[in-house]
Amino acid sequence: MNFTGEQKKAELYFFLIPILCSGAFQQLYSLINTAVISRYLSYESVAVIGACAPYASLQDFLFAGMTTGFSFYIYRCIGTGEEETFRKGFWGSVYLTGGLAVLGVILAFFSPAFILLANIPPNLRSEAKLYFFFLMAGSGALGLKNLLLCTVQGLGDTKFPGLLSMAGVFTHTALTVFLIAGLKLPVSAAALAILLNNLFLSFCLIFYLFLHCRRPCRKISPGEILPDVWMELSKSGAAKSGMMMVIWLGSLLMQRSVNGFSGEIIAATAYANTVNAFFMSIFSAYATAAGIIAGQNKGKQNFSNIQSYHQRLLRMSFCWCAVFGMVNLCASGTLLGLLAGESITPKIIQAGTCYLRICSVGYPGLCLLLICRSSLQSMGQYKILPWLGLQETLANTILALLAPRFGYLCVCLANVIKWSLPGLTACVCHRKYLKSQKQKC
């Protein structure tokens, strides 16, 4: 969908709703994983997932982050309206994603070293190693699915990705229940289910592009892609994943600190982060829309249009902040109970409720960060990204070092600071850049 000129608010809603549904349904994987594991295994198995959280973040930050960076360049290619430009950007991204898939498989064979690095408790390590293996082995499937999903959305069809995400929830649920409840496999089967489901969704997206976009997506060899395209893709992908990897270092330090608490606290953090991830999927949907709009209009040099839609997206996302804040305040215990089932304990409810309620304070900063950061990168402003990542890492690092002395409250406060500080920075940089570009025009 090309956003040119002032368009009706209804058109923005029609564009946004499928993206919101797509993001929310993708995060239902985590909710279902946690609920099934808690009921058919135990909260200790949920603690395995929580203890391995830095590596799930590593997968998202490195592989999904890199392919999201590729997609920002693809959005600009779409905005030019030149089919050949899009084709080169798309296939260059596909070839680079193939290289990422090989990297994921290599990392999978180093699970013992990574488990020690995360300070995972000894009683959880044997299951954690196999969980890590399947998690990393599925990185290529995650990256390909993310790239194809972003491409289809960038081409203007947000309905099919939304419907596919809904279907993916059912296939993922069936796989998880079959492997864990049916075959009685351990918690590592949850990562295997995600791998298989991402492969299925990738195949569906490939089939869709083959049917509807066969000519613009016609295969070309790596040699047909110009060096400047490889360079721009590398810059966009590396800027996103580089920033995310800086953030990951802080996340690893924080998880090491969390892993020093009891198994119930580790599980409580995992349950609370699962709920948080679902809320964040809504915020991320607005960030996706901001990236698509900014990239397409950057190609047309229409910066007034970017500013107009940017403000609308922020206002709508702030409304969701208020909704989710009220949910955390009034019903966080209920949400945690639904996820944990009979394995929940009073200590898990207390810690998880504290975590979610404090996180609510940071939601507006998170919205600013996601939307402004996505828009900046889509407009080719890569230099600010490492600084935003560094601010998040510093917040995590400082509070992780304080947590052993001052307790679990530091873990909860880290989210507020690591979202709000870079969020304000990204907002200021976004406004300054748009103002400078409008003056040039």
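User: How much area does the protein expose, and what share of it do carbon and sulfur atoms supply?
Analyst: About 17700 Å² (Shrake-Rupley, 1.4 Å probe), with carbon and sulfur atoms supplying 68% of it. Keep in mind that this is a predicted model, where local features need pLDDT of at least 70, side-chain atom pairs need 80 or more, and totals for chains, interfaces and linings take in all residues. Side-chain values use heavy atoms, without hydrogens and water, and numbering starts from 1 along each chain as its sequence is written.

User: How many helices and strands does the protein have?
Analyst: There are 15 helices and zero strands, going by DSSP runs (H or I, at least four residues, for helices; E, at least two, for strands).

User: What makes the protein as compact as a globular protein of that length?
Analyst: The globule rule (2.2 Å times the number of residues to the power 0.38, set against a radius of gyration over C-alpha atoms) gives 22 Å for 441 residues; the protein comes out at 21 Å, close to that, so it qualifies. Its C-alpha trace spans about 60 × 40 × 35 Å along the principal axes.

User: Why is Cys 217 called buried?
Analyst: Its relative accessible area is 10%, and buried means under 20% (exposed is over 50%, partly exposed in between; 1.4 Å probe, protein chains only). So Cys 217 counts as buried. Across the protein, 57% of the 441 residues are buried too.

User: Where does Cys 217 lie, and which residues is it in contact with?
Analyst: Cys 217 sits in the loop between α9 (188–212) and α10 (227–258). Leaving aside neighbours within four places in sequence, its contacts (heavy atoms within 4.5 Å) are Phe 86, Phe 90, Trp 91 and Leu 209. Phe 90 is 127 residues away in sequence, yet 7.4 Å away C-alpha to C-alpha.
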